[in-house]
Amino acid sequence: MASKFTVSNRTGWLMAGPAVLLIAGFVILPFFLAIGFSFTNQRLVSPNPTEFTGLANYRQLLGVTTLTLDPVRDEAGAVVMKDGEPEYPSLRSLTRNNPDRPDLAGMREWFSFSTGGDSRTYVLARDVVFMKAIVNTFIFVLVVAPVQAGLALGLALLINQRLRGINVFRAIYFMPVVVSIVVVSLLWRLIYDGQSGLLNNLLGTISFGLIPPVDWLGNPSTALGSIIAMSIWQAVGFHMVIWLSGLQTISPTLYEAAAIEGASKWQVFRYITWPGLRNTAVLILIVITMQAFGLFAQIDVMTNGGPLDSTQTIVFQAIERGYGKQDISGGSAISVILFVIVLSISLIQRWLTREKS
Amino acid sequence: MARISLKDVKKCYGNAHVIKGVDIEVEDGEFCVFVGPSGCGKSTLLRMIAGLEDITSGQMTIGDKVVNELPPAERGVAMVFQSYAIFPHMTVRENVAFGLTIAGASKAEKDAKVAEAARILQMEHLLDRRPSQLSGGQRQRVAIGRAIVRKPQVFLFDEPLSNLDAALRMDMRMEIGKLHNQLGATMIYVTHDQVEAMTLADKIVVLKDGKVMQIGAPMELYHNPANLFVAGFLGAPSMNFIDVTVQAVNGTKALVSNAALDPVEVSAARGPFTVGEKAILGLRPQYLSVAEGAGRLHGAVALTERLGAETVVEVTLKDGKPLIAALSQDRVFPLGAAGDLDFDPATAHLFRPEV
């Protein structure tokens, strides 16, 4: 359709030009390049020519298998016990240079479990770190999305009132959003410090020394939780503002009508506020989910994926691999996997929250 | 019993006095209309009765209870809003049943009461629709349905018809009138439309700038307005006001005249008037007639509007002031023709000039 708008409006195109070029160069082109690279063995710098390797990168990243092993038995057929646990054959004997099991070559144990009886099931992954990154990312998303959305809604309801000085509170809650996430992460590294961090001092003081200092970021069981807490705090103000805008689209007369009908505060929320926030809720859920999947800066500044890979995430892995290890094709494959995950989740969320009529 | 009584009720927002001391009594089962120009405080007054605005001073009772401090839900009132205030995500049925849902009524009770309200308002076929699928008039019915389903003692209407087009407005006006007869509840109705006020009300309260100008039955206000404002506000076309000079005062009568008006003796009930003083003579356009021969008012025809059953004539009086006459029947007047108008002195109102 060669309309006047698309053909003869040269000034318009000239004005849009810089933005179009930049978006094309830094968003659209890399997107397709990443998809292309993910099927090759491209490296960041390499003297060797690039080869097409098909799905090898994806197989390497996502290869998972299970293996059930029977315990080692002595000549009498009794289970050999070691430290009070049955002893199992060494996994290395199967995954390293074992001509009988070429399919297991190079795989490592991710975790194992026992389903009753003596045998034990091992879950092996070709890339255990990436698996941990996926699990950590999902934990992060599953905790952050509801908690951050809920807290933000709570704050929005609190500040959606006509009170003196309410704007001061709005500003305070919004402040962390304005500060760069890198700065926030650096500050929180000090707060979480294992020796004399603010958090440890605070807990020590209010418990009269009963709570011992915890190395929040150095302990595998607290590191991810600490990053989750800090991330929720940092962006809650942003989502509060979105909720607030949603709240303010609800006609005040509806609240007056409800007041005359005698609705309690909870009933007002249940029958008027919440249904009125439907579209806002969908938006916030999708935005938080997408942002949470992109978790990177906090990890990069605070833990570098550690300790013991307990804070590895998908994006951190993509960058670590693409630039740290110069394996740009592996990093691209991770990006594509992330893209597929986020896209599917967004589509599912949209389908679940669709307007039912 | 739902008698409503307001005693010296005032409302201030900071230094702005919106309601400046209002005394109103509304009897049980009465249809009372608050009317006045925009900004006169009529909606604020209604919202104060509903409990949506608090009362700065004075006393308000509904039934036998002082309700100054009571929340809206405990006042036994239902309100219909100008913007309908229908909940957009609920069906008509859910909207109408809202008050019952809030009160935790059983499904059977809700169904029965909603069905009854729908029957009264003739909207059974709308119950499963959503508000977005309704026309303005239908939405208004839903809003009224939500009000009547709880059988409140008092209904409050805040300009309920002002968002409807003219034809629908007339239909709904009649429906509200019928509804009042059917339910026998006390109703307070706010409007800026004097036709609604005249047709619906048992009692009209005319408000201006937060003060009551006059309270009374529609015909009392029409035939015996207490002041210039009420006289000018009620009736369409509105009353003509002519500046006159008092020539003589004779007990309850005063003789007045001006350049275009021959001396005429009219009631001086709104006095006192003194000889030589300026006064204002109010003449309703409907009570003017074309004089056969010489009339009391002298002028020339400036404009005629023929409406079929009625002819509205603008006459420019000898002193240059315009005068409107609404004559029954269709009549033709040549523009500029000399026209003498006449009236029955008993229908004229003499006012002291407002300073």
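Two strands pair if DSSP finds at least two bridges between them. In this predicted model, strand E9 of chain B gives an example: Lys203(B) in E9(B) is the bridge partner of Cys32(B). The points below cover the strands around E9(B), the nonpolar cores, a helix pair, two open sheets and several loop residues.

**Strand E9 of chain B and its partners**

- Strand E9(B) covers residues 203–208, and 5 of its 6 residues are buried, so the strand is mostly covered.
- Strand E3 of chain B, residues 31–35, pairs with E9(B) in the parallel sense, over 4 bridges.
- Strand E10 of chain B, residues 211–216, also pairs with E9(B), but in the antiparallel sense and over 5 bridges.
- Within the pairing of E9(B) and E10(B), Ile204(B) has Gly216(B) in E10(B) as its bridge partner.
- E9(B) and E10(B) make a hairpin with 2 residues between them.
- Asp209(B) lies in the turn of this hairpin and has a positive phi of about 50°.

**Nonpolar cores**

- The largest nonpolar core contains 107 residues.
- Which residues have the most contacts inside this core? They are Ile49(B), Leu156(B) and Ile188(B).
- Leaving out residues up to four places away in sequence, Ile188(B) touches Val26(B), Cys32(B), Phe34(B), Leu46(B), Ile49(B), Val154(B) and Leu156(B).
- Cys32(B) thus appears twice in this account: Ile188(B) touches Cys32(B), and Lys203(B) is the bridge partner of Cys32(B).
- A second core, separate from the largest one, has 55 residues and includes Ile134(A), Leu217(A), Leu244(A) and Met302(A).

**A helix pair in chain A**

- Helix H10 of chain A spans residues 252–261, and helix H11 of chain A spans residues 265–276.
- The axes of H10(A) and H11(A) come within 11 Å and cross at roughly 145°.
- This crossing of H10(A) and H11(A) is right-handed.
- On the H10(A) side, Leu254(A), Tyr255(A) and Ala258(A) take part in the contact; they meet Val268(A), Tyr271(A) and Ile272(A) in H11(A).
- What kinds of residue make up the contact of H10(A) with H11(A)? There are 6 nonpolar residues, no polar and no charged.

**An open sheet in chain B**

- An open sheet of 4 strands in chain B has the order E2-E1-E4-E5, with antiparallel pairing.
- Strand E2 (16–26) and strand E5 (65–66) of chain B stand at the edges; each has a single partner strand, so one side of each has no neighbour in the sheet.
- Strand E1 of chain B, residues 4–13, is joined by 5 bridges to strand E4 of chain B, residues 57–62, and the two run antiparallel.
- Leu6(B) stands opposite Met60(B) in E4(B).

**An open sheet in chain A**

- Chain A has an open sheet of 3 strands in the order E1-E5-E4, again with antiparallel pairing.
- Its edge strands are strand E1 (64–69) and E4 of chain A, and each pairs on one side only.
- On average, neighbouring strands of this sheet are turned by 30° against each other, direction ignored.
- E4(A) pairs with strand E5 of chain A, residues 120–125, in the antiparallel sense over 5 bridges.
- Arg108(A) stands opposite Ala125(A) in E5(A).

**Loop residues**

- The peptide bond from Ala236(B) to Pro237(B) is cis, with omega near -10°.
- Pro237(B) sits in the loop between helix H9 (228–233) and strand E11 (240–250) of chain B.
- Gln122(B) is not a glycine, yet its phi is positive, near 50°.
- Gln122(B) belongs to the loop between helix H4 (107–120) and helix H5 (136–148) of chain B.
- Is Gln122(B) buried or exposed? Gln122(B) is exposed because 10 other C-beta atoms lie within 10 Å, and a residue counts as exposed with 12 or fewer.
- Gln329(B), likewise not a glycine, has a positive phi of about 75°.
- Gln329(B) is found in the loop between strand E18 (322–328) and strand E19 (338–343) of chain B.
- With 8 C-beta neighbours inside 10 Å, Gln329(B) also counts as exposed.
- Asn97(A) is in the loop between helix H4 (92–95) and strand E4 (108–113) of chain A.
- Asn97(A) is exposed, with 9 other C-beta atoms within 10 Å.
- From C-alpha to C-alpha, Asn97(A) and Leu210(A) are 53 Å apart in space, and 113 residues separate them in sequence.

Definitions and conventions
Residues are numbered from 1 along each chain as its sequence is written. Chains are lettered from A and ligands numbered from 1 in the order in which they are written. This is a predicted model: local features need pLDDT of at least 70, side-chain atom pairs count only at pLDDT 80 or more; totals for chains, interfaces and linings use all residues. A nonpolar core is a set of buried Ala, Val, Leu, Ile, Met, Phe, Trp, Tyr and Cys residues joined through C-beta atoms within 7 Å. A residue is buried if 20 or more other C-beta atoms lie within 10 Å of its own, exposed if 12 or fewer, and partly exposed in between; C-beta atoms are placed from the backbone. Two residues are in contact if their C-beta atoms, placed from the backbone, lie within 7 Å. Axes are lines fitted to C-alpha atoms, for helices over the stretch in contact, and angles run from 0 to 180 degrees between N-to-C directions. A crossing is left-handed if the near helix is turned anticlockwise from the far one by less than a right angle, and right-handed if clockwise. Ala, Val, Leu, Ile, Met, Phe, Trp, Tyr, Cys and Pro count as nonpolar, Asp, Glu, Lys and Arg as charged, and the others, Gly among them, as polar.
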